[in-house]
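Dear colleague,

Please find below the structure that I am handing over to you. My findings follow it.

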Amino acid sequence: MAWPSGRWAKWGVVVFWLVAVAALAPLGGKLTDVQKNDMSAWLPANAESTKALALQEDFRAKDTMPALVIYDRPSGVTPADLDKAKADAKAFLGVPDVQQENVQPVRSKDGKAIQTVVTIKLGDEGWGGITKTVDKMVDIADTGGGLGVHVTGPGGYAADSGKIFSGGDNTLMFATVGVVVLILLITYRSPLLWLLPIITAGLALGSSQGLIYLLAKNAGLTVNAQSSFILTVLVFGAATDYALLLIARYREELRRHEDRHEAMAEALHRSGPAIIASAATVAASLLVLVLAELQSTKGLGPVCAVGVAVGLLAMMTLLPALLVIFGRWMFWPVRPSFGSAEPTEGGIWARMGKRISVRPRIVWIGTALVLGVLAIGMVDLKADGLAQKDGFTKTTQAVTGEEIQAAHFPAGSGQPVVVIAKAAAAGEVKTKLAGIRGINSVGEPTVKNGRAYIEGTLSDGADSKAAEDTVGRARTELHKLDGASALVGGGTALKVDMDDASAHDVKLIIPVVLIVVFGILALLLRALVAPLLLIGTVVLSFAATLGVSAVVFEHVFGFAGADTSFPLWAFVFLVALGIDYNIFLVTRIREEAATSGTRRGALTGLAATGGVITSAGLVLAGTFAALGSMPMVFTAEIGFAVAFGVLLDTIIVRSVLVTALTLDVGRWMWWPSRLGKRGDGTPPAGEEDLRPAMAGK
């Protein structure tokens, strides 16, 4: 593991990375070319609505969605306005990706608005293509004169999302880098040292994007806009965390070794297992997402796991080589000279450890109770999905258009329930559908290739709870028709099936992630008690985070709720990343316990790792908080929850709860390993000096 710090090997490592980056980084710039943002990249594969969507190809072009063009004039639309809307409908047909099946403009009953349903095909550019199409439609329709024009419906919202994702990548990148640089400057108090982790993390991100591009193009890896922007945050956050831990240990060893190559070799030997175990925990937890039914969640895991793996490789090879090449002067003005005292010996974390050691049982019980109280807020978490208009943190043109459309037209118009059935049962299906409560009207069946296509207009908004209940009733009644083989689809049905898939994924993936994390911890620590306690602390921290998040989302941010996939994403990121800090701490405690006993090892481990783990937590919290720069409720909620949860882990759970538990449980933490059978000796008193234990390292 020490070879990247070799006198000659370090140059080979740098050459390797220069070649790798030169080959992969340009490919990373093409990542958007292989993104799959069509419906199949997001939907549960075996859901009824997905099957209906596939059968719709006989009646409509594949991957199409309706866009509602809404014209409004408060004083009432004029005959000239209606003529203009009709002319616009013809002009729209000349816009790329607009289909030839548009519904003619309809004036509202109150005479103040006009609605045109335009069918748009989701082309190779995905959301980016729909954004261009909608922009051209607005240019055609919006000619002023007091007539308002907005494009809403699925097509309008897809265009708004496309603008956010296509324009948000650079904003997110700059926000992430800015946060990391600021925290590194504060942490290192050096105008130079921060450059090496940032450069290495940037090269890791570019290389991982290039590798993911190759896997997507040649190996079937699914990438979408959502996984792409999460990748940026995760690679920068996790890779910088690994850099902080390595540099902290390297700085320690520079005080004990005159030769910087020997110091780095020892730093890699001591910190390497913890860093590798941390990355393995994150990657393995993310890979568990391939078990998800929801395609967007399933694709996220492998993409981010590749990013974490490349980030680990960079921080364990390139960063050590660069640090050794540049030498001690990179730490200027606080250079760690050979033989100087370790500043953590009498720092804040050493003092905190002494205070905890006086009554550790009272401390951990009290801390657990406080976290339990915070977790009570979970009961108010509304993670049952968001209406489209509630999914943005700012008012978009599609949101405005929906508000106008809802005020002047039937709520479900433009986004019908779609039923695909056998042609022979078309009349029976139509009659049954028309009699279902919540269906306003039913169109004539279209028959082709032995199947019938029927549309029903909803009485309620397509993304409302009432509309979802209507879909449930329609499925119950239509499935009773013998020989009809009816499938209920459409936008509302898609949302119902996605919500159901998310609920399934939560029940399946959370236990599997916990089992995977337990297995990695058991192998790393060669114990059973410590892994169980560590997982328990992280789960308690996760529950407290959800409790606080629920309160903040509703009463501070004013959000209408949370996406159904929010709990799962928050869990995977918080447990996988939160367990990192416990790994960093407990592996150091175990190392110290081998020579000075578990209780003294707990104090020494906290004193030695407290500062760097807190800094790492700040970096990771800052990178996820940068998601707030994107005007979407889902990213804002994930960003807040992970940022708050990481800070809770680093400041409270790891430093107080885990330390107090270790002091109380003592050598039994390592049961059934041999270390668990060794006595702890005299328990450390609150006023004892830690220097004797630190000096031998």
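**Overall form**

The radius of gyration of the protein is 29 Å, which agrees with the value near 26 Å for a compact globule of 697 residues (taken over C-alpha atoms, with the globule rule being 2.2 Å times the number of residues to the power 0.38). This is a predicted model, in which local features need pLDDT of at least 70 and side-chain atom pairs count only at pLDDT 80 or more, while totals for chains, interfaces and linings use all residues. Residues are numbered from 1 along each chain as its sequence is written, and side-chain values use heavy atoms, with hydrogens and water left out.

The C-alpha trace spans about 90 × 50 × 50 Å along its principal axes. The protein contains 20 helices and 9 strands (DSSP runs of H or I, at least four residues, and of E, at least two, numbered from the N terminus). Of the 697 residues, 59% are buried (under 20% relative accessible area, 1.4 Å probe, protein chains only).

**Local packing**

Helix H2 (residues 48-55) has as its buried residues Glu-48, Ser-49, Thr-50, Ala-52 and Leu-53. These pack against strand E5 (412-422), helix H14 (465-478), strand E9 (487-490) and helix H15 (491-525) (contact means heavy atoms within 4.5 Å).

Thr-200 belongs to helix H6 (residues 195-218). Its relative accessible area is 0%, so Thr-200 is buried. Not counting residues up to four places away in sequence, Thr-200 touches Ala-314, Met-315, Leu-318, Leu-319 and Leu-322.

With kind regards

How values were computed
Buried means under 20% relative accessible area, exposed over 50%, partly exposed in between (1.4 Å probe, protein chains only).
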